[in-house]
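Student: I'm new to this one. Could you walk me through how some of its labels are earned?

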Amino acid sequence: MAEQSNAAYRIEKDSMGSRQIPVDAYYGIQTLRATENFPISGIKPLPTYIDACVLIKKATAIANGELDCIPKDICQAIVQAGDEILGGKFRDQFVVDIYQAGAGTSHHMNINEVLANRALELLGDQKGNYQRVSPNDHVNYGQSTNDVIPTAIRIGGLLALERTLFPALSDAIAALDNKAEEFQDIVKSGRTHLQDAVPVRLGENFRAWAQILTEHSIRIETASGDLTLLGLGGSAAGTGLNTHPQYRYKVAEILGQLIEQPLEPAPHMMAAMQSMAPFVYVSSALRNLAQDCVKISHDLRLMDSGPKTGLKEIQLPPVQPGSSIMPGKYNPVMAEMTSMVCFQVMGYDAAIALAAQAGQLELNVMMPLIAYNLIHSIEILGNALAALTKQCLEGITANSQRCRDYAEGSLALVTALNTHIGYLNAAAVAKESLETGKSLRQIVLEKGLMNEEELAKVLDLEKMSAMPIDNLGNRS
């Protein structure tokens, strides 16, 4: 299938004709056609997605070799070629734009061709001699784009979660918990509707954020369970055409060993091929996390606002100059970055939802979009949280005196007087305090509504801001 043309090119043929391929290229004619057809974004496949595809090809080669479906020497060469790619080699050979042929055929053939050509070299043959090692008949034996790509999205998602998002979430939660302990005794004014509210502990703000992220981690882990059910072995339409009867069980077992996670064949291979629901499930969990991360990042910015004309209850670590014209200005850039990443994740989720419902009959052809958006969402969200933790959360300091001043000056303290002087009297005290500038304590004592000892007990900021304790002695 390949002929030598000159020193710079080789000739490869497919069902549509022949083309010149750069002699040093490991991709082949189908990849070349795809690069010509899809000069869309310049965005190439994500490294994690390449890893997922190559891991699948390694597992399928091992399984097909053990089942005597393809020659042992070819299986071994494919596996070795796959290991080299997983080790970082030949990454520049994966060149198909992420916006490409439906279902991901172009990227899939790019994987198959690179593995075939490197396997040929390992066997002492020339690239392009597909009669010896074929991208279709050997690397892709018993497979189809239609079962490989949805499996690759699953594996890529699992890899991205384990490598990037779960560690970042764990570190962020730990950092927030540490700050919660550090700031536990600092009383500050609460705020609802951006207006003064009853006092709270600064430490509990951070502990609440840690709990929020913990719950999101659990939700995402639950959703990721659906990614462990594989349609690999369904072949072209989910019927398993051209596969060994034991292939789908064996390949799931081998692939699970390669990524060190339990994998198993889906209950219905055709369903696993058609429905994008597992990816929507994970993506929606990511969107949910992103929404709360935006809220947390906005809270951090508000609490750090100033330094002279804002709240400035906390100080976020200054990591770079904040203005090209205003000297000495520092901005909450890590929190700003986090929000931008989260907005992108939300956008990707919307695109995934649209793509997931756009399949017809036995196949969803929008999988390339889903693959990129899902894996990229996981990775940028994980990277953003990791950067936020290291460059921001771990170095936050508190302005305890400013927090205390705001808490003591808040009109919302009058809430604690309700059960002692009544709501209407309390409202009148608050109104007079706002109009005259007198403190709540002064007005209550002047009006004789309470004595000084009673008032001191009721307006005890530490008591007012303490969280309730449950039966096990935990804050709740």
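Student: What makes helix 10 and helix 12 roughly parallel to each other?

Tutor: Keep in mind that this is a predicted model. Helix 10 (residues 277-303) and helix 12 (residues 367-391) pack at an angle of about 30°. Angles under 35 degrees count as roughly parallel, so that's the label helix 10 and helix 12 get. Among the residues that meet there are Phe 279 and Leu 286 in helix 10, and Ile 370 and Leu 381 in helix 12. The residues of that contact split into 10 nonpolar, two polar and no charged.

Student: And why is helix 11 called roughly antiparallel to helix 12?

Tutor: The axes of helix 11 (residues 333-356) and helix 12 cross at roughly 165°. The cut-off for roughly antiparallel is over 145, so helix 11 fits that label against helix 12.

Student: How do you know that Lys 58 and Asp 83 meet in a salt bridge?

Tutor: Check the N to O distance between their side chains: 2.7 Å. A salt bridge needs the nitrogen within 4 Å of the oxygen, so Lys 58 and Asp 83 qualify. Lys 58 lies in helix 2 and Asp 83 in helix 3, so the pair ties together parts that are 25 residues apart in sequence.

Student: Why is Lys 58 called buried, and what is Asp 83 called?

Tutor: Lys 58 has a relative accessible area of 15%, and buried means under 20%, so Lys 58 is buried. Asp 83 comes in at 36%. Partly exposed runs between under 20% and over 50%, so Asp 83 is partly exposed.

Note on methods. Residues numbered from 1 in each chain as written. Predicted model: local features only at pLDDT ≥ 70, side-chain atom pairs only at ≥ 80, totals over all residues. Heavy atoms only, no water. Axes fitted to C-alpha atoms, helices over the stretch in contact; angles between N-to-C directions. Helix = DSSP H or I, 4+ residues; strand = E, 2+ residues; numbered from the N terminus. Parallel < 35°, antiparallel > 145°, perpendicular 65-115°, else oblique. Contact = heavy atoms within 4.5 Å. Nonpolar A, V, L, I, M, F, W, Y, C, P; charged D, E, K, R; others polar. Buried < 20%, exposed > 50% of the residue type's maximum accessible area, 1.4 Å probe, protein only.
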